[in-house]
Amino acid sequence: MFKKTLLVLLFIASPALANEPSNYKEKIKKELVSSLKDPDSLKDLYIGAIVKDDTPNEFLDSQAKDRWVACVKYNAKNSYGAYGGRNTHLFYFSNNEVLGGIKEDELVKLGVNNPSQYCQA
C-alpha cells in the first residue's frame with residue numbers, strides 16, 4: 001500500500017508529467033496539415049517525443065515558463081506540385097496549446113542554440 005501511495009504522490013508532484021501537453025501529436029499534425037499548400041500530400045511524417053524546454057532565447061522568452069518542444073520531420077508538395085524534400089521543424093507548446101512550428105534553420109537565425117538536439121531519433 002505504501003509503495004502505491006508513494007508512486008501516486010510522485011506522479012502527481014512531478015511537474016514534468018503534470019504539465020506535458022496532452023495529445024500533442026494530434027495537435028501538431030492538425031496545425032501542420034492546415035499550413036500546407038496541399039494537405040493531402042503530407043508523407044513521411046515523424047513526430048518525436050515532447051520535452052520540456054527551458055532554454056532561453058530571444059524569440060520565445062515570453063513563453064519560457066511552461067514551454068515544451070517536439071521535433072517534426074515531414075515531406076509535402078510545394079507550390080509547384082512537387083515534393084520539396086524532408087523538412088524539419090520544432091513545434092512549441094505552452095499551456096497545452098501549440099505556439100507554432102518553426103523551421104530548424106530559422107531557429108538558428110533567431111538565436112536558438114543547437115535546435116537539432118531535439119531531433120535525436
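**Exercise 1. The E4–E5 hairpin**

In the hairpin of E4 and E5, which residue takes a positive phi?

Solution. Start with the ground rules. This is a predicted model, in which local features need pLDDT of at least 70 and side-chain atom pairs count only at pLDDT 80 or more, while totals for chains, interfaces and linings use all residues. Residues are numbered from 1 along each chain as its sequence is written, and side-chain values use heavy atoms, with hydrogens and water left out.

Step 1. Fix the elements. Helices (H or I, at least four residues) and strands (E, at least two) are DSSP runs, numbered from the N terminus.

Step 2. Check the pairing. Two strands pair if DSSP finds at least two bridges between them. E4 and strand E5 (residues 97-103) are antiparallel, with six bridges. Gly101 in E5 is the bridge partner of Phe91.

Step 3. Read the turn. Two residues sit between the strands, and Asn95 has the positive phi, near 50°.

**Exercise 2. The surroundings of E4**

Determine whether strand E4 is buried or exposed, face by face.

Solution. Step 1. Set the classes. Buried means under 20% relative accessible area, exposed over 50%, and partly exposed in between (1.4 Å probe, protein chains only).

Step 2. Split the faces. In a regular strand the side chains alternate between the two faces of the sheet. One side of E4 carries Asn87, His89, Phe91 and Phe93, the other Thr88, Leu90, Tyr92 and Ser94, and all are buried.

Step 3. Conclude. Eight of the eight residues of E4 (residues 87-94) are buried, so the strand is largely enclosed by the rest of the structure.

Step 4. Add the other partner. Strand E3 (residues 67-75) pairs with E4 in the antiparallel sense over eight bridges. Tyr92 in E4 has Val69 opposite.

**Exercise 3. Salt bridges**

List the salt bridges in the whole structure and place each one.

Solution. Step 1. Apply the cut-off. A salt bridge is a side-chain nitrogen of Lys or Arg within 4 Å of a carboxyl oxygen of Asp or Glu. The search finds three.

Step 2. Take Lys52 and Asp66. Their closest N and O atoms are 3.5 Å apart. Lys52 is in strand E2 (residues 51-52) and Asp66 in the loop between E2 and E3, so the pair ties together parts 14 residues apart in sequence. Lys52 is partly exposed at 33% relative accessible area, whereas Asp66 is buried at 14%.

Step 3. Take Asp53 and Arg67. Here the closest N and O atoms are 3.0 Å apart. Asp53 is in the loop between E2 and E3 and Arg67 in strand E3, so this pair also ties together parts that are 14 residues apart in sequence. Asp53 is buried at 1%. Arg67 is buried at 0%.

Step 4. Take Glu106 and Lys109. The closest N and O atoms are 3.4 Å apart. Both belong to helix H4 (residues 104-109), three residues apart, which is about one helical turn. Glu106 is partly exposed at 35%, and Lys109 is exposed at 65%.

**Exercise 4. The largest pocket**

Find the volume of the largest pocket and the residues nearest its centre.

Solution. Step 1. Define the object. On a 1 Å grid over the protein atoms alone, a pocket is an open set of points where a 1.4 Å probe fits, with protein on both sides within 12 Å along at least five of seven lines; lining residues have an atom within 4 Å of a point. Grid points are joined across faces, edges and corners, and the volume is the space filled by probe spheres set on the points.

Step 2. Read the size. The volume is about 220 Å³.

Step 3. Read the lining. It has 15 residues, and Leu32, Ser35, Leu36, Tyr74 and His89 lie nearest the centre. Helix H3 (24-35) and E4 are the elements that give two or more residues to this lining.

**Exercise 5. Positive phi outside the hairpin**

Locate Asn23 and Asp44 and give phi for each.

Solution. Step 1. Recall the background. Most residues other than glycine have a negative phi, and most peptide bonds are trans.

Step 2. Take Asn23. Its phi is near 50°. Asn23 lies in the loop between helix H2 (15-19) and H3, and is exposed at 51%.

Step 3. Take Asp44. Its phi is near 55°. Asp44 belongs to strand E1 (residues 43-47) and is partly exposed at 46%.
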